[in-house]
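Please look over the model below before reading on. The paragraphs after it go through confidence, the contact between the chains, the enclosed spaces and the salt bridges.

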Protein chains: 2
Amino acid sequence: MSTPRPVTDSGDHPPSRRERFRQATIDEIKRTARAQMADEGPAGLSLRAVARAMNITPSALYRYFQGIDDLITALCVDAYNALADAVNSSVATVDERDPADHAARWWAFARGMREWAIANPADFALIYGTPLPGYEAPLEDTRPAGLRFTGTALRILSDAVDAGAIDLDTALIQHRPTISDDLSAALDAAGIFSDRRGIAILLGAWTILQGHLTLELFGHFEWLHIDAGTLFDEHVRAMMLTMGFDHAAAVPPRRTPSATPPT
Amino acid sequence: MSTPRPVTDSGDHPPSRRERFRQATIDEIKRTARAQMADEGPAGLSLRAVARAMNITPSALYRYFQGIDDLITALCVDAYNALADAVNSSVATVDERDPADHAARWWAFARGMREWAIANPADFALIYGTPLPGYEAPLEDTRPAGLRFTGTALRILSDAVDAGAIDLDTALIQHRPTISDDLSAALDAAGIFSDRRGIAILLGAWTILQGHLTLELFGHFEWLHIDAGTLFDEHVRAMMLTMGFDHAAAVPPRRTPSATPPT
DNA sequence: CTCATGAGTTGACGGTGTTCTCTATCGAAG
DNA sequence: CTTCGATAGAGAACACCGTCAACTCATGAG
């Protein structure tokens with residue numbers, strides 16, 4: 001489906017000299033594009049500017065990407081993976097201390113997401129902000145990477161429910177959403193969330209994270225001169241109470257003092 | 001500050017023939033620009049395309065707007081005002097039935113916002129989505145319109161607290177955010193929310209609305225094949241419980257059956 | 001009637017994504 | 001070591017974009 005891209009590799013046994021150079025160029029293009037995106041947002045990305053920064057002709061980029069849409073897709077996949085890596089490593093530091101502290105795992109997940117978003121605002125905007133004008137993400141390339149993040153959240157919540165750290169009956173969210181048969185079958189196969197209320201809880205949590213991060217990163221808290229970090233913690237705390245977490249009252253201390261992220 | 005724009009009006013007593021024509025042209029430009037924005041999002045707006053649609057030269061537009069940024073600012077202000085009008089009229093229909101039903105007022109506010117956002121996704125993205133690449137909104141023009149919306153929410157919540165429909169002590173959000181002295185003074189002058197917990201409650205509600213609407217409008221619920229309308233109601237319901245509303249258990253019937261908005 | 005002011009056009013500049021044609025180099029096969 | 005196909009890149013062109021300067025022409029006020 002997406003293979004008409006000009007590629008060198010026929011077999012994949014040893015990365016030949018040419019293929020290594022090719023991969024290095026692809027990496028440099030993506031790196032340059034990300035740097036440019038960081039300056040003026042995802043919509044400010046420009047093939048010609050990337051080429052200029054690399055001392056290369058714009059048309060030369062077409063040896064590596066079919067066009068700017070293809071480059072954007074690659075950046076989207078990288079961003080999804082980077083976000084998933086960030087939250088996974090954040091949760092992992094809890095796991096190696098006490099894998100049974102499910103509330104701490106969720107805190108690590110939420111804070112890990114925020115820290116990644118603040119460190120990489122352009123990537124966050126790319127995947128969770130306004131869709132780019134003429135661009136439609138090819139889901140067959142993008143979805144797997146995107147589901148890694150969702151999967152981590154799903155696993156944390158599912159584990160918490162199984163361990164009794166979340167009591168679905170005391171959760172304020174009691175909705176059982178109707179979901180597609182595909183997803184339903186996938187969940188049953190994975191043996192998680194046979195109680196559909198978990199889906200609603202996950203969606204509610206996602207909504208709050210998305211809401212806070214878009215408001216914060218897109219500058220809507222600035223005129224309030226409010227401490228966004230503390231506010232985020234309060235949102236997570238309230239969210240955990242509505243989710244049915246048992247011990248959510250205590251906000252764990254923050255690793256980094258509440259510094260305003262550089263805008 | 002923003003008056004070097006070429007304007008005709010010296011006095012404002014009778015709108016002269018010229019000024020009427022001028023205003024009509026301005027309206028047509030904004031209408032054309034909004035139609036174009038609706039097609040391919042805020043970042044897809046193009047002065048030349050607007051001029052083309054109006055059978056006019058691009059440079060002619062500079063008689064009416066200093067540049068594309070100035071046009072964007074005008075569209076932002078219009079969007080803020082349209083949103084405020086939408087939620088105000090939505091709340092007004094409740095008020096003329098029973099102004100003391102504070103839960104119903106909040107429901108009307110929330111649903112009014114969603115209905116407006118679904119009907120005008122480009123305008124929503126313009127003011128609450130990813131900031132446009134080179135554009136920085138001039139706050140002195142934009143803020144007053146933006147505050148109309150905030151003010152409506154503030155008033156509904158304040159009234160609800162005063163009437164006892166919201167019990168701040170039972171709210172899950174107990175945070176008292178530190179806010180700027182300006183805002184603090186303004187609140188005191190208006191005699192609302194001397195209890196700062198109300199601010200946190202307002203911010204929490206705003207976060208959920210923003211989160212749900214960006215997720216829904218930017219297409220992140222599509223692969224779930226979920227009923228976004230029902231999900232929204234559940235989010236509002238849970239939100240009202242965390243806010244300390246007393247009778248939030250019942251979701252009021254929807255006026256429009258949950259039809260998927262045209263994408 | 002005069003004439004400044006407004007609306008509008010024309011043409012240019014530098015920027016953008018994209019495509020086509022051409023050249024030089026690399027790497028492997030003979 | 002030579003040959004030759006594949007690859008990387010250059011260059012020019014096209015249509016689009018925002019913006020500006022100079023110019024024309026009609027309007028409306030004195």
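What follows is a walk through this predicted model, beginning with how far it can be trusted.

Chain A has a mean pLDDT of 90, and 90% of its residues reach 70 or more. Two stretches of chain A fall well outside that description. Residues 1-12 of chain A stay under 50 in pLDDT, and the model gives them 15 contacts beyond four places in sequence. Residues 257-263 of chain A are also below 50, with 4 contacts in the model beyond near neighbours in sequence. The predictor's confidence in each residue is what pLDDT expresses, so the placement of these two stretches should be read with that in mind.

The next topic is how chain A and chain B meet. In the model, 48 residues of chain B are in contact with 48 residues of chain A. The size of an interface is often given as the accessible area lost when the parts come together. For chain B and chain A the buried area is about 4,100 Å², and 73% of it is on carbon and sulfur atoms. How many salt bridges does the rule find across the interface of chain B and chain A? The count there is 0.

Now to the enclosed spaces. Rolling a probe the size of a water molecule over the atoms shows where empty space is left. The structure has 4 cavities of 30 Å³ or more. The largest of them has a volume of about 200 Å³. Its lining consists of 20 residues, and those nearest the centre are I208(A), M239(A), T242(A), I208(B) and T242(B). Two or more lining residues come from each of α8 (197-217) and α9 (228-243) of chain A, and from each of α8 (197-217) and α9 (228-243) of chain B. By class, this lining has 12 nonpolar and 8 polar residues, with no charged ones.

The second largest cavity has a volume of about 100 Å³. Chain A lines it with P42(A), A43(A), T130(A), P131(A), L132(A) and P133(A), and chain B with P42(B), A43(B), T130(B), P131(B), L132(B) and P133(B). Of these lining residues, 10 are nonpolar, 2 are polar and none is charged.

Salt bridges come last. Although the rule finds 0 across the interface of chain B and chain A, a search of the whole structure finds 25 over all chains. One salt bridge joins the side chains of E216(A) and R114(A), at 2.9 Å from N to O. Because E216(A) is in helix α8 of chain A and R114(A) in helix α4 (residues 102-119) of chain A, the pair ties together parts 102 residues apart in sequence.

How values were computed
Residues numbered from 1 in each chain as written. Chains lettered and ligands numbered in written order. Predicted model: local features only at pLDDT ≥ 70, side-chain atom pairs only at ≥ 80, totals over all residues. Heavy atoms only, no water. pLDDT = per-residue confidence, 0-100. Contact = heavy atoms within 4.5 Å. 1 Å grid on protein atoms, 1.4 Å probe; cavity = no way out; pocket = protein on both sides within 12 Å on 5 of 7 lines; lining within 4 Å. Points joined across faces, edges and corners; volume = space filled by probe spheres on them. Helix = DSSP H or I, 4+ residues; strand = E, 2+ residues; numbered from the N terminus. Nonpolar A, V, L, I, M, F, W, Y, C, P; charged D, E, K, R; others polar. Buried area = accessible area lost by both parts, 1.4 Å probe. Salt bridge = Lys/Arg side-chain N within 4 Å of Asp/Glu carboxyl O.
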